[in-house]
Amino acid sequence: MIPQIARTTTRKSGVNPPPFAAHGFWRMLILLVAFGMFVALLIGRLATLALFESSRAYGATSTDYVPDRGDIVDRNGIPLARSIYGYAIWVKPADLLGDRKQLATQLAAIFPDTPAAEFYAKLTDDKPSYLRNRALPEQVRAVHDLGEIAIEFPREATRLYPQHDMAAHVLGFVNRDGKGAMGMERVMNDYLRDPAKRGSPLNLALDVRVQAALESELASGMTATAAKGAAGVVLDVQTGEVVAMATLPSFNPNRPSFANIPDLGQTITDGRYPISRQTNNVTNRVYELGSTFKPLTVAAALDAGTVRDLSVRYNATKPLQVGKFKIRDSHPLNRWINTPEALIHSSNIVTAQIADTLGAARMDAMLRAMHFNVRPDIELAEKSRPLYPKTWGRLTTMTVGFGHGIAVTPMHLASAYAAMVNGGIYRPATMFKTKADAKIPGKRVFTAATSARMRQLMRMIVVDGTGSQADALGYRVGGKTGSAEKPGVGGYSRNLVVSTFASAFPMDNPRYVVLAMLDEPQGTEASSFQRTAGYTAAPVVRKTITRIGPLMGIIPDMKRDVDVSELMPLLWKAKGEQ
């Protein structure tokens, strides 16, 4: 009998799949569903971040996305100060294994700006300390390769000034505790550390392009004249915004000297206090600014009506005797001269007579109206109090009229010049950027008519007078030179001069005041062996205006100028001159 083989029958309408195939299908389905849920969750999270979290991070409602200290930027958003996390190098001397002298020598090779003796002192100290508060990654790697286990490399929040020493006296720096110790860092310390505000950068009025040009030209002027220092400011005459402010020599706020911070309560003058690189010479040091005061005296006299007719001539044939003192001109004309000629040729004798006629009360009132008796109007903490006359005798009134017997900061003078040319409105200087449509409060100190007249006279000083080397072609510059001997023991020193040129441009519609000052310039070949402002500070102003004019939207125009045709006939011409 042949055995029967059992056969499994299937229907043609369908075949039952093997069990393992059914299980694989369901696993794949579950995996696809899980992957889809993950993708949906990811998309939802990204949408939440885009719609909600970004505004919260930069709106500073959370501190998860903002720095420990807010950024400082210029008027165009260029970073001036930022907070980052960087490497520090810390040592525990008690745990050192290697030879300390050898280690100090190795560290000095890695950090050439620090002597080995300084490192050795820290390596042999009883207390742990920083070898460096800030170090580059390659420097950290080099120190790490020394193999000393007592040296650590913590990452810490640190303040970075990406422009290095640019505007250092304005920005200031932070101390070892992370608090502002100078400049805007000090003034705005609470704002910059406020969790609710530090997510938004602090906008200053500074323009880094203008700042760089000003510092560059001041440095060139210092080098050309062998001056020991320089200072300058660019000020908006309508808003009071400080577009640039510089003091040279400068310092690097990334590595400040904490032992040399100026005392905010002192008045900084030569011979009384040591001057450090961290002293802001624009706001925290006072000078006798000499003949730059003469236009202010004439403006006050025009306003008071003591000078009505500009053609009236004053006796300048000889020095002016006042009691036991004689007032002289540095370049005497030895003739009778009128008010425009007195400004053009910078006559002390005539300006003293104008001040004498104006009188002490009105001179005092004019200077007080522009705050020459108090610290400069600006947000910086480092501000010196002027050396202001305590009593106003006749001689004091006359000498103050041409800038002697009173010492103020360059910031005082810049604000006064802005008021003199902008229509007569005094506005405090400000380090903050103002809105385009903001109404800036001000106080009238000169009439509009006087301001218009002074624009003519100051333009004539540059075209025909002592300020000719400040004439930047096409920019209609007007201004005044000032060369003042520095006070010392027993009187004034004839060999030490502060040279200042204060200007505004364009004079037919003034936009900016530009002031440059050189401290103790020497007579060099570049200055035709002269130390006066017309040969030292005036060229600095001309070069600065030529560079910054286009950056500020002022295009040179050779076909325009201030109309001075009614005043030109008042200028004396020698026989044969046209």
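pLDDT is the predictor's confidence in each residue, on a scale from 0 to 100. The structure is a predicted model, in which local features require a pLDDT of at least 70 and side-chain atom pairs count only at pLDDT 80 or more, while totals for chains, interfaces and linings use all residues. Residues are numbered from 1 along each chain as its sequence is written, and side-chain values rest on heavy atoms, with hydrogens and water left out.

**Exercise 1. Determine how confident the model is, and which segments fall under 50 in pLDDT.**

Step 1: the average pLDDT of the chain is 88, and 87% of the residues score at least 70.

Step 2: residues 5-13 stay under 50 and have zero contacts (heavy atoms within 4.5 Å) beyond four places in sequence.

Step 3: residues 54-64 also stay under 50 in pLDDT, but for this segment the model has 16 contacts beyond four places in sequence.

**Exercise 2. Describe the overall architecture and the nonpolar cores.**

Step 1: the chain comes to 16 helices and 17 strands, these being DSSP runs numbered from the N terminus (helices H or I, at least four residues; strands E, at least two).

Step 2: of the 578 residues, 49% count as buried, where buried means under 20% relative accessible area, exposed over 50%, and partly exposed in between, with a 1.4 Å probe and protein chains only.

Step 3: among contacts between residues at least 6 apart in sequence, 72% join residues at least 24 apart.

Step 4: a nonpolar core is a set of buried Ala, Val, Leu, Ile, Met, Phe, Trp, Tyr and Cys residues joined through side-chain atoms within 4.5 Å; the largest one has 99 residues, and V242, L367, F372 and M411 are those with the most contacts inside it. Helix α14 (residues 410-421) supplies the largest share of this core, nine residues.

Step 5: leaving out residues up to four places away in sequence, M411 touches V233, L235, V242, M245, V282, T283, P376, I378 and A429. A second, separate core of 32 residues includes V243, V462, A516 and A538.

**Exercise 3. Work out which parts of the chain the salt bridge between E185 and R69 joins, and compare the setting of two further pairs.**

Step 1: a salt bridge is a side-chain nitrogen of Lys or Arg within 4 Å of a carboxyl oxygen of Asp or Glu, and the structure holds 20 of them.

Step 2: the side chains of E185 and R69 meet at 3.0 Å, N to O. Because E185 lies in helix α6 (residues 183-187) and R69 in the loop between α1 (19-58) and β1 (72-73), the pair ties together parts that are 116 residues apart in sequence.

Step 3: E185 is buried at a relative accessible area of 0%, and R69 is buried at 5%; R69, R159 and E185 are linked in a network of salt bridges.

Step 4: D71 forms a salt bridge with R82, with the closest N and O atoms 3.4 Å apart. D71 is buried at 17% relative accessible area, whereas R82 is partly exposed at 38%.

Step 5: D519 forms a salt bridge with R285, with the closest N and O atoms 3.3 Å apart. D519 sits in strand β17 (residues 512-519) and R285 in the loop between β8 (242-248) and α9 (294-304), 234 residues apart, and both D519 and R285 are buried.
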